[in-house]
Amino acid sequence: LLALSSFGKISIAETGSTFEENSVIKARFACKHTGLSSIADDSGLEVDYLSGRPGVFSARYSDSGLAKDNNQKLLHELSGVPFEHRTARFRCAMAFVREYNEQDPIICSASWEGAILEKPRGSNGFGYDPLFFVNAEDCSAAELQAEKKNSISHRAQACNEMVKRLTEIS
């Protein structure tokens with residue numbers, strides 16, 4: 001496996017309206033740029049009270065796009081909302097293409113259910129992790145050890161499904 005960054009500094013416009021569309025856009029771009037089969041993902045946070053926002057705009061939710069500013073905006077928008085109404089999930093869509101113009105890419109999607117805390121907890125992870133309460137673990141994503149997070153997260157679930165699907169076709 002090669003990271004796209006090993007081919008130089010590359011920027012891809014995420015112009016899709018869904019995680020699935022963005023993952024396909026990125027996989028096709030990587031395939032075209034490298035000439036190699038490619039896997040790409042798009043992921044983000046969906047908050048039910050906010051009608052699914054920040055969604056595909058998770059990384060650029062605030063004006064600055066910085067994690068601390070994204071988190072601050074999210075907390076501001078949920079100010080006064082009781083915990084039971086702060087349900088949320090991280091979602092990930094992962095796409096695989098063999099060729100740039102492939103019409104039927106393999107797409108695997110997964111979600112990781114939780115809720116948004118009223119203040120950050122934990123120092124591991126990145127992005128919204130300090131605010132994302134993982135119901136099944138009774139802690140924030142930022143309180144999980146990397147090994148645990150990387151085995152249960154939305155990305156881990158999508159990746160496991162992708163490995164399964166690719167194994168079936170090989």
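N22 is buried in this predicted model, with a relative accessible area of 0%, which is under the 20% that marks a residue as buried. The residue N22 belongs to helix α1, which covers residues 19-34, and, once its neighbours within four places in sequence are set aside, N22 is in contact with E14, T15, G16, D42 and V56. Around this helix, the protein comes to four helices and five strands in its secondary structure, and the points below describe the whole chain before turning to its cores, its loops and one further helix.

**Overall fold and shape**

- Read along the sequence, the helices and strands of the protein follow the pattern α-β-α-β-β-β-β-α-α.
- The radius of gyration of the protein is 17 Å, close to the 15 Å that the globule rule gives for 170 residues, and so the protein is as compact as a globular protein of that length.
- Taken along the principal axes, the box filled by the C-alpha atoms of the protein is roughly 50 × 35 × 25 Å.
- When contacts between residues at least 6 apart in sequence are considered, 56% of them join residues that are at least 24 apart.

**Surface and charge**

- Of the 170 residues of the protein, 42% count as buried.
- The accessible surface of the protein comes to about 9,600 Å², and 51% of this surface belongs to carbon and sulfur atoms.
- The protein has 19 positive and 23 negative charges, and the mean positions of these two groups are 3 Å apart.

**Nonpolar cores**

- In soluble globular proteins, nonpolar side chains tend to be buried together.
- The largest nonpolar core of this protein has 20 residues, and those with the most contacts inside this core are L45, V47, L74, L78, W112, I116 and F132.
- At least two residues of this core are supplied by each of β1 (38-47), α2 (67-77), β2 (87-97), β3 (106-116) and β4 (132-134).
- A second, separate core has eight residues, including M94, F96, I106 and A110.
- Which residues does V47 touch, leaving aside its neighbours within four places in sequence? V47 is in contact with G52, R53, P54, L74, L78, T87, A88 and I116, and among these L74, L78 and I116 are themselves listed with V47 as residues with the most contacts inside the largest core.

**The loop between β1 and α2**

- P54, one of the contacts of V47, is found in the loop between β1 and α2, and the peptide bond from R53 to P54 is cis, with omega near 5°.
- S51 has its place in the loop between β1 and α2, and the phi of S51 is near 55°, which is a positive value in a residue other than glycine.
- Is S51 buried or exposed? Its relative accessible area is 71%, and because exposed means over 50%, S51 counts as exposed.

**The later loops**

- E99 is placed in the loop between β2 and β3, and at 51% relative accessibility this residue counts as exposed.
- E99 and K32 are 67 residues apart along the chain, yet their C-alpha atoms are separated by 7.5 Å.
- D129 lies in the loop between β3 and β4, but this residue is buried, with a relative accessible area of 3%.
- Leaving aside its neighbours within four places in sequence, D129 is in contact with F90, N124, S140, A141, A142 and K149.
- D138 lies in the loop between β4 and β5 (139-140), where its phi is near 55°, again a positive value in a residue other than glycine.
- The relative accessibility of D138 is 58%, and D138 therefore counts as exposed.

**Helix α3**

- I152 is found in helix α3, which is made up of residues 146-152.
- Outside its neighbours within four places in sequence, I152 is in contact with W112, E137, L144 and Q157, and W112 is one of the residues with the most contacts inside the largest nonpolar core.
- The C-alpha atoms of I152 and S6, which stand 146 residues apart along the chain, are separated by 28 Å.

Terms used
Residues numbered from 1 in each chain as written. Predicted model: local features only at pLDDT ≥ 70, side-chain atom pairs only at ≥ 80, totals over all residues. Heavy atoms only, no water. Core = buried A, V, L, I, M, F, W, Y, C linked by side-chain atoms within 4.5 Å. Buried < 20%, exposed > 50% of the residue type's maximum accessible area, 1.4 Å probe, protein only. Contact = heavy atoms within 4.5 Å. Rg over C-alpha atoms; globule rule 2.2 N^0.38 Å. Areas by Shrake-Rupley, 256 points an atom, 1.4 Å probe, with all protein chains shown as cover. Lys, Arg positive; Asp, Glu negative; His and termini not counted. Charge placed at Lys NZ, Arg CZ, Asp CG, Glu CD.
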